[in-house]
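Reader: I would like to learn how to read the local features of a model such as this one. Could we take them one at a time, with the general idea before the case?

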Amino acid sequence: MQSSLVVNRSPSELRVALLESGHLTEIYVERSSERGVVGNIYRGRVVRVLPGMQAAFVDIGLERTGFLYVDDALLEVPERDETGGDAETPENGGAGQNVERTHGGFRSAPTVDIATVLTQGQEIVVQVQKDPLGTKGARLTRRITIPGRHLVHMPFSRHVGVSRRIESEEERERLRTLLAPSTAAGGGYIVRTAAEGIDGDKLEREATMLRQIWEDLERRATSGKTPRLVLADLDLGLRTVRDLFSDDVERVVVDTPHDHQRIREFVASFAPEAAGRIELYAGPEPIFDHFGIEVELERALERRVWLKSGGYIVIDEAEALTAIDVNSGRFVGQSSLEDTITQINLEAVKEVAFQLLLRNIGGIVIIDFIDMTEAQNREKVPDYRRVLEG
């Protein structure tokens with residue numbers, strides 16, 4: 001499936017849209033006044049240790065202190081966290097996933113006592129995993145990850161994880177073998193999906209570069225005032241290109257000369273042959289209007305989403321689940337009632353899949369299709385997850 005990245009810059013924000021076969025599937029927004037801090041690395045000071053919560057609060061120079069759970073305070077990665085997952089989005093630097101109670105989720109029992117790991121006043125280097133939200137400070141980890149184009153370097157690990165999206169076991173083993181010398185030189189790696197088929201020399205050069213970035217960062221973190229920012233993550237434009245610009249993306253279309261030049265230079269640093277796929281948009285209408293993105297965004301903000309046939313779906317998001325109701329609306333069909341209902345449900349399942357992607361909806365999703373009498377028609381309506389995969 002061919003796709004495109006569309007980059008729109010305005011005085012107040014930067015927007016990046018991912019189009020697949022002309023359909024909007026993902027949208028990222030970064031406002032100048034509200035730029036996130038996920039991925040940033042800070043030298044902070046522990047201001048409070050809470051044994052009862054198995055957590056600590058760390059001053060990293062932001063408005064609110066950051067939150068550090070005991071497992072995230074350990075430099076050695078617990079065995080159960082070695083998932084081999086992939087960092088595929090600009091929001092995820094590649095850190096392992098935890099089941100947590102803190103900040104509204106659920107977390108497994110801690111492996112050690114927080115009081116044996118941190119002390120009040122201690123200065124530590126941390127990375128932001130989750131932006132501050134409401135009255136809650138940023139979620140932090142001491143297990144730093146340095147993301148690159150094909151790899152994510154984990155300085156405090158000796159593990160090599162391979163993206164689950166690389167399905168060939170032969171290719172997975174090849175990549176693990178190629179990175180064995182780099183792991184022996186220090187640190188572990190997550191092999192990203194973009195590394196599939198990449199030759200060993202290229203991966204070795206990137207592994208060396210990421211290791212040097214960490215060594216330079218480590219030296220800079222030992223001097224200067226505390227708290228302070230040590231390394232800021234890339235902005236949204238470069239981050240999305242780094243994480244999403246694969247062989248499946250036929251072009252990146254940018255609407256300002258400045259962004260066009262810096263994205264071309266950034267791409268040329270890791271894939272010179274792909275720099276020609278970075279295009280400067282020069283059309284008379286706004287770039288998001290030209291690609292039909294504004295219309296899709298308006299639909300994504302509405303509770304009711306109309307289908308081409310005249311039917312519609314209603315999306316209601318609650319705290320614990322999302323309920324989606326399918327309705328016939330203005331569509332009356334041309335033959336039998338059963339055929340009309342089946343056609344609406346088939347159209348609805350595709351729209352539901354796109355809306356879940358576009359709105360970044362996860363967790364429990366309940367879809368109430370219109371009842372179909374015949375079993376063979378019910379079997380025609382696919383699982384929306386298969387629609388997403390296909």
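Author: We can start with a single residue: Q54 sits in the loop between β4 (41-50) and β5 (55-59). This is a predicted model, and its backbone angles are the place to begin, for Q54 has a positive phi of about 50° although it is not a glycine.

Reader: Is Q54 buried or exposed?

Author: The cut-off for buried is under 20% relative accessible area, and Q54, with a relative accessible area of 14%, is therefore buried.

Reader: Which other residue that is not a glycine has a positive phi?

Author: S21 is such a residue, with a positive phi of about 55°, and its place is in the loop between β2 (13-20) and β3 (23-31). Here the accessibility reads otherwise, because exposed means over 50% and S21 has a relative accessibility of 52%, so that it counts as exposed.

Reader: Where in the model is there a cis peptide bond, and what is its omega?

Author: The cis peptide bond joins T226 and P227, with omega at about 5°, and P227 belongs to the loop between α3 and β13 (228-231).

Reader: How should I read the packing of two helices, and at what angle do α2 and α3 cross?

Author: One reads the distance and angle of the axes, then the handedness, then the residues that meet. The axes of helix α2 (residues 169-185) and helix α3 (residues 200-221) come within 10 Å and cross at roughly 30°. Since angles under 35 degrees count as roughly parallel, α2 is therefore roughly parallel to α3. The crossing in which α2 passes α3 is right-handed. On the side of α2 the residues are L175, L178, L179, S182 and A185, and these meet G200, L203, A207 and R211 of α3; by class, this contact has 6 nonpolar, 2 polar and 1 charged residues.

Reader: What angle and what distance between axes describe the packing of α4 and α5?

Author: Helix α4 (residues 236-244) packs with helix α5 (residues 257-270) at an angle of about 35°, and their axes are 10 Å apart. The contact is formed by L238, V241 and R242 from α4 together with R262, I263, F266 and V267 from α5, and these residues divide into 5 nonpolar, no polar and 2 charged. As for handedness, α4 passes α5 in a right-handed crossing.

Reader: How should I read a pair of residues that are separated in sequence, and how many residues lie between the positions of G292 and L24 in that sense?

Author: One sets the separation in sequence beside the distance in space: G292 and L24 are 268 residues apart in sequence and 8.5 Å apart in space, C-alpha to C-alpha. G292 lies in the loop between α6 (287-290) and α7 (293-301) and is partly exposed, with a relative accessible area of 26%. A second pair is L280 and P257, which are 23 residues apart in sequence and 6.8 Å apart in space, again C-alpha to C-alpha.

Reader: Which residues does L280 touch, not counting those up to four places away in sequence?

Author: L280, a residue of strand β15 (residues 278-280), touches V254, D255, T256, P257 and H260 on that count. At 39% relative accessibility, L280 counts as partly exposed.

Reader: Where is the pLDDT below 50?

Author: The protein averages a pLDDT of 83, and 87% of the residues score at least 70, but over residues 79-107 the pLDDT is below 50. That stretch has 76 contacts in the model beyond near neighbours in sequence. Where pLDDT is low, the predicted coordinates should not be read in detail.

Conventions:
Residues are numbered from 1 along each chain as its sequence is written. This is a predicted model: local features need pLDDT of at least 70, side-chain atom pairs count only at pLDDT 80 or more; totals for chains, interfaces and linings use all residues. Side-chain values use heavy atoms; hydrogens and water are left out. Axes are lines fitted to C-alpha atoms, for helices over the stretch in contact, and angles run from 0 to 180 degrees between N-to-C directions. Helices (H or I, at least four residues) and strands (E, at least two) are DSSP runs, numbered from the N terminus. A crossing is left-handed if the near helix is turned anticlockwise from the far one by less than a right angle, and right-handed if clockwise. Contact means heavy atoms within 4.5 Å. Ala, Val, Leu, Ile, Met, Phe, Trp, Tyr, Cys and Pro count as nonpolar, Asp, Glu, Lys and Arg as charged, and the others, Gly among them, as polar. pLDDT is the predictor's confidence in each residue, from 0 to 100. Angles under 35 degrees count as roughly parallel, over 145 as roughly antiparallel, 65 to 115 as roughly perpendicular and the rest as oblique. Buried means under 20% relative accessible area, exposed over 50%, partly exposed in between (1.4 Å probe, protein chains only).
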